[in-house]
Amino acid sequence: MNLYNDASLAMIPSAVKDGKLYSIRPTDGSGDFTFSRGSNLAATRVDVNGLIEKGRENLALQGSDISTQSGSWFGNQGGVTTQNAATSPIGTNTASQITANGFSTYSGVKNAGIVMGALRYTYSVYLKAQSGTPDIRLTCYDGVTFHQQDFSITTEWERYSITFTPTAGTNSIYITSQQAVSWYAWGAQFEQGLVATDYIETTTTTAVSGITEDLPRLDYSGGASCPSLLLEPQRTNLVTQSEYFGSGDWNKLNASVTDNNATSPEGIQNASLLTISAALGSIYDTVGGSGNFTFSVFAKYVDMQYMRLRSTGSYVYFDIQNGSVETELNGTGSIEDYGNGWYRCSVIGNNTNSLAQIFLSDTEGGTVTGTGSALIYGAQFEEGSYPSSYIPTYGSAVTRSQDVCVNSSLTTSTNFTIFFEAPDFCLINGTTGVAFNNVQFAFSSNGSAYPTDGSYHIYDNSLYYWNGSSNTSFGVIYNNQTDSKFALMKRGDSMIVFANGVKVNEVTLPSGSDALVSNWDAISLTVGGLTDAQGDVFKPNYKQLLKFDTALTDSEAIALTTL
């Protein structure tokens, strides 16, 4: 029996689109999974190049047609435009010519329909002088303040940008000059963040790129050559400025910050240089809440070998030159290698009125002494007992909704086997879950993402059956395993579980027609949406899932699940 060829459903994460995870078998679409996560761009992943990839949105309308003919741009103080007047930076004849009148006021063009919050934004545009080196001003006016900067542009295409925090509302952006000059413009972009990212073309509506709202995340963490499907519970990053460490949200004690100093794990120049000028120097942010929290930050060695992270009463020292946890005080530390000298350092502790604080040190576990620097990026403070994937923030706390992945087109079979490989499918800290939205894996007869009448599902570390009014446990099926392969087999009135090449449990299913469901039509891959320790139990990455319309033999199941 060729197990892979005989599977009626085979999902190996490889092809996705917004709201869809494709299976490689069957090919008629019935094996595909629908996917949902939420209504924002808070999710990130590690891409095939080992870089953090975000969801991005360009809020500037008609970004590649900066002319009054486009309908989104208007002449300002006598400025005029010519549409499609020159070759753009990407070789298309779509660059516009802008001419200022040279009077006492700044003239050019404006786009008056930018809707934004009171967050950190970057406004960028490609500019090229027709001749000479004219002075061009980029401006955002939020109804209260003109955020602006002047640039002397050249006869070569260059990208110019300004970064600022406006007042929330509908605001205007400008490209103007006080001189009587003409220049070319293309590729206007208005986005959240500290630096300009790759241009996203817009028309009469905004446009998004990267990890969008309902796009399944194929994750390459840890240098993986093949991706896994990243599924996570809902989490909130309570740090309000996760990258802008120079902001007033971060208090400085004998410390200074230079933002946009170096290339971050994102692959762009938005990492900050943290410099300590005296012993016990640090930066900190005060966040609310009590319970189990994880505070994490990406760090890279410059000339201070040790970093101490504090989460209120929990302290952990990290060696950021060699990538190790050194000393733990009232908390638990973890460190993950992100390549190019970057490590994600995390401290987990039980806190009240939490304080997220970053120290640098020349000792590995004693009094913080000395002065020096390190690079930092991506601070995250979240309720839970492990660090989830990075959630960027630019002025307020941000919530990433839970991932839900469901196939509701299974064929009917009285006996079956479901196999899945999930490297992190394990109990994180031994906490017992009791709520249905902790469910991580379910198969049922109601096409639901969550178990209702007549369904078998896994939460905590056990197999359960739900009959519509009560939940029956069939006992532990796995325990604190990693690099895990599982087979769940229904053979007659028995449910048999195999894990990592071992038969770990065989239980007799409940009697009665309501329990012996035979028309299975849904597989749900999901994790809990709770924010306390119970909703914090799982952290799965699915590498593959197979369904067989027969019960495998014990030897076949052992062979299939052997690591």
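The chain contains two helices and 46 strands. The model is a predicted one. Of the 563 residues in the chain, 54% are buried. Among contacts with a separation of 6 or more, 71% join residues 24 or more positions apart. The exposed area of the chain is about 20300 Å², and 46% of this area is supplied by carbon and sulfur atoms.

The structure holds 13 salt bridges. One of them is formed by Lys54 and Glu243, whose closest N and O atoms are 2.6 Å apart. Lys54 is located in the loop between strand S6 (52–53) and strand S7 (55–58), and Glu243 in the loop between strand S21 (235–237) and strand S22 (251–253); the salt bridge therefore ties together parts of the chain that are 189 residues apart in sequence. Both partners fall under the 20% relative accessible area that sets the limit for buried residues: Lys54 is buried, at 9%, and Glu243 is buried, at 1%.

Lys54 also takes part in a salt bridge with Glu266, with an N to O distance of 2.9 Å. This pair likewise links distant parts of the chain, with Glu266 in the loop between strand S23 (255–262) and strand S24 (271–276) and Lys54 in the loop between S6 and S7, 212 residues apart. Glu266 has a relative accessible area of 12% and is therefore counted as buried. Lys54 thus forms salt bridges with Glu243 and with Glu266.

A further salt bridge is found between Glu382 and Arg235, where the closest N and O atoms are 2.6 Å apart. Here the distant parts of the chain that are linked are strand S33 (residues 372–383), which holds Glu382, and strand S21, which holds Arg235; the two residues are 147 apart. Glu382 is buried, with a relative accessible area of 0%. Arg235 has a relative accessibility of 2% and so counts as buried.

Salt bridges also occur in a network, which links Arg37, Arg217, Glu232, Arg400 and Asp403.

Key:
Residues numbered from 1 in each chain as written. Predicted model: local features only at pLDDT ≥ 70, side-chain atom pairs only at ≥ 80, totals over all residues. Heavy atoms only, no water. Helix = DSSP H or I, 4+ residues; strand = E, 2+ residues; numbered from the N terminus. Buried < 20%, exposed > 50% of the residue type's maximum accessible area, 1.4 Å probe, protein only. Contact = heavy atoms within 4.5 Å. Areas by Shrake-Rupley, 256 points an atom, 1.4 Å probe, with all protein chains shown as cover. Salt bridge = Lys/Arg side-chain N within 4 Å of Asp/Glu carboxyl O.
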